Amino acid sequence: MRTPAGKRIDYRLELKETAESTGYFTAVPHDQPSLDAGLDYLRQHPNDSFMHAHLLECIGQLSPAAAANLLDAVDRTDGTVRALLLEAATVYGHLETIRKRFKRREMKALSRLTPLVFLRSEALADQSLHRSWAQLFHANMTRHRPLPPPAATGLSFPVDGVDGSDHAPPAESHLKAVIERGLSVADGFDKPRPPLADTISRAQARLSALAVFKGEEMRHQSSMSPCALLRKWRFRHRVKCGELNYSLSGIQTSYGRGLSLESARASCLMEVVERSSSFASVDETGVAGTRRPHPIVHGTPAALAAGGYSLLDPNRLGLEVPYLDEPLYWMEGERLTARGIEPVWVPVQCVFLFCNLDERSLFSGLGSTGLASGNTMAEARLSALYEILERDSEAVNPYHPSRCFRIYSEEPRMKALFADYRARGIHVQFQDISPAFGIPCCTCFVTHRDGTVAKGGGANLDGKRAVLSALTETPFPYPGGPPSAPAPADLPWLEFEALPDFSSGMPERDLMLVEETLAANGYGPIYVDITRKDLGIPVVKALVPGFEMMADFDPYCRISPRLFNNFLKIHSKS
């Protein structure tokens with residue numbers, strides 16, 4: 001890898017906004033350049049998506065007249081800046097009038113001159129149709145607005161080949177059938193999780209030795225969890241890649257939730273481990289600071305395949321825009337196949353958060369789905385797969401009361417918790433979003449008085465743990481918050497203790513069971529070990545090709561065929 005020349009740019013990560021309880025961050029130059037100086041830098045470093053996004057926001061703050069004057073001053077051959085101005089006219093409604101100054105053919109050409117996905121998305125012939133459907137699904141999932149019958153929408157179908165049919169998987173691919181066939185487990189394989197105190201002690205000691213913490217542990221009451229903690233921590237990493245030479249630093253907040261302070265503390269500390277491992281330093285040797293060496297290679301799939309590399313096709317990750325074989329940076333992971341574990345190279349930007357390399361972006365914004373830490377690598381992989389299952393199930397299941405339920409419990413601690421919710425006027429409901437192959441997965445909903453819905457999700461072989469994960473992650477303030485809106489009155493009640501439990505209690509065995517079930521349904525997980533050398537606590541990024549990675553119904557999303565089929569299924573049953 002060629003080391004870039006030139007002065008280093010220092011970026012800091014800042015919280016831009018919070019929407020639906022998710023924080024959205026942006027990278028801002030420490031020494032903010034003037035607009036002219038920023039544009040000069042961008043001309044020399046057109047793939048610096050941090051600077052590109054920063055300048056896009058700066059132009060978005062201009063008046064229509066000022067933006068038009070800037071366009072007048074830009075040479076017609078200056079594709080980098082013209083693409084930036086066209087993006088601004090696409091993203092910011094008040095600048096829409098300057099779009100008329102770009103011809104359709106130029107728009108398509110300019111979409112190839114920006115690292116961001118906005119123009120590529122806009123160039124898709126059917127994106128406006130997908131956007132219209134996304135608005136309906138967004139209202140359904142965030143405010144529980146009923147989805148109208150297909151004919152009443154006035155919209156054509158956004159995907160082909162779906163008709164609302166109930167395509168149940170073969171009986172032999174269901175979780176229960178996998179359990180009945182049994183697992184081949186080696187001697188000494190079954191090891192339970194260590195005590196929470198051990199997890200806390202190790203994580204606390206190693207994080208403290210690296211001086212990552214900023215301030216003390218704090219309580220918070222912004223979720224339905226009876227015990228919830230937060231901890232601020234700092235990071236800084238360096239990237240030298242192609243023409244890019246920059247640092248990124250900032251302060252992040254990690255959260256821990258649970259039924260006890262001990263479980264919340266372990267959860268919080270392990271999230272710090274996970275997230276602090278998810279920012280990559282890159283130099284001429286590859287990814288720096290990982291326990292396992294991770295050299296990276298650059299090229300198109302055709303060129304790398306000719307060199308003997310086995311590559312993941314990014315188009316199997318539910319992208320917002322098609323990947324057209326552009327050159328990317330790749331790193332090695334492991335893929336589970338019927339033949340066993342095989343090496344596979346995946347885009348570096350699919351692995352790390354806020355990854356800004358000298359290449360085009362595959363995503364408008366990639367979240368942390370599939371990132372997980374654990375006491376062992378098996379724990380980390382299992383947690384990562386649970387999170388992927390939860391996100392995929394959320395992305396393909398519309399809200400519908402027919403799959404919703406409420407929970408009661410006879411276990412003293414849970415019974416008291418649910419009683420306290422009711423006493424405070426907080427009404428909780430759940431929706432079963434388990435995939436057809438049977439791994440328990442659910443969403444928890446609490447509706448604010450203004451109609452907005454707070455939700456959390458969970459997946460686990462133990463249905464009780466799936467419900468608890470969804471409940472404690474739901475961002476409705478407790479116990480200091482207001483009463484909620486009522487839940488539908490006619491929902492069935494399920495007993496917490498009677499929820500299905502397929503877990504062995506052993507992470508290694510449970511991991512094998514989840515992997516076997518996924519394999520029986522045609523899905524092969526990919527794992528990339530990103531454990532930090534200086535921490536030594538296992539962290540992994542997992543990918544499951546064919547699953548949805550995002551559940552954001554924004555202007556750039558594409559409607560999943562499985563989501564649309566489930567929508568049609570609801571109305572066919574009605």
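Select T337 and G340 in this predicted model. G340, in β10, is the bridge partner of T337. Now extend the selection to the two strands, β9 (residues 328-337) and β10 (residues 340-347). They run antiparallel and are joined by eight bridges. The connection from β9 to β10 is a hairpin of two residues.

Next, colour the domains. Domain 1 covers 33-123 and domain 2 covers 398-503. With both shown, place a marker at the C-alpha centre of each: the centres of domain 1 and domain 2 are 45 Å apart.

Move to the five-stranded sheet. Its strand order is β15-β14-β13-β12-β16, the sheet is open, and the pairing is mixed. Which strands stand at the edges? Select 453-459 for β15 and 493-495 for β16: each has a single partner strand, so one side of each lacks a neighbour in the sheet. Looking across the strands, the twist from one to the next averages 35°.

Keep the sheet on screen and add α13 (377-396). This helix packs on the sheet, where it touches β14 (441-447) and β15. The direction of α13 makes about 135° with that of β15.

Within the sheet, pick out β12 (residues 404-408) and β13 (residues 429-432). This pair is antiparallel, with two bridges. Select F405 and then F430 in β13, its bridge partner. As background, strands of a sheet pair through backbone hydrogen bonds, either parallel or antiparallel.

Now show the second largest pocket, which holds about 860 Å³ of space. Which residues of its lining are closest to the centre? Select D166, N397, A436, N566 and K569; they are the closest among the 32 residues that line this pocket. Two elements, α13 (377-396) and α17 (561-573), each give two or more residues to the lining. Highlight α17 for the largest share, seven residues. Colouring the lining by residue class gives 14 nonpolar, twelve polar and six charged residues.

Two backbone details remain. Go to Y478 and P479, which are joined by a cis peptide bond with omega of about 5°. P479 sits in the loop between α15 (463-473) and β16, and β16 is one of the edge strands of the sheet visited above.

Finally, select A211. Where in the chain is A211 found? It lies in the loop that runs between α10 (196-209) and β3 (218-219). Check the backbone there: phi of A211 is near 55°, a positive value in a residue that is not glycine.

Methods:
Residues are numbered from 1 along each chain as its sequence is written. This is a predicted model: local features need pLDDT of at least 70, side-chain atom pairs count only at pLDDT 80 or more; totals for chains, interfaces and linings use all residues. Side-chain values use heavy atoms; hydrogens and water are left out. Domain bounds come from an automatic or database domain assignment. On a 1 Å grid over the protein atoms alone, a cavity is a set of points where a 1.4 Å probe fits but cannot get out, and a pocket is an open set with protein on both sides within 12 Å along at least five of seven lines; lining residues have an atom within 4 Å of a point. Grid points are joined across faces, edges and corners, and a volume is the space filled by probe spheres set on the points. Helices (H or I, at least four residues) and strands (E, at least two) are DSSP runs, numbered from the N terminus. Ala, Val, Leu, Ile, Met, Phe, Trp, Tyr, Cys and Pro count as nonpolar, Asp, Glu, Lys and Arg as charged, and the others, Gly among them, as polar. Two strands pair if DSSP finds at least two bridges between them. Axes are lines fitted to C-alpha atoms, for helices over the stretch in contact, and angles run from 0 to 180 degrees between N-to-C directions. Contact means heavy atoms within 4.5 Å.
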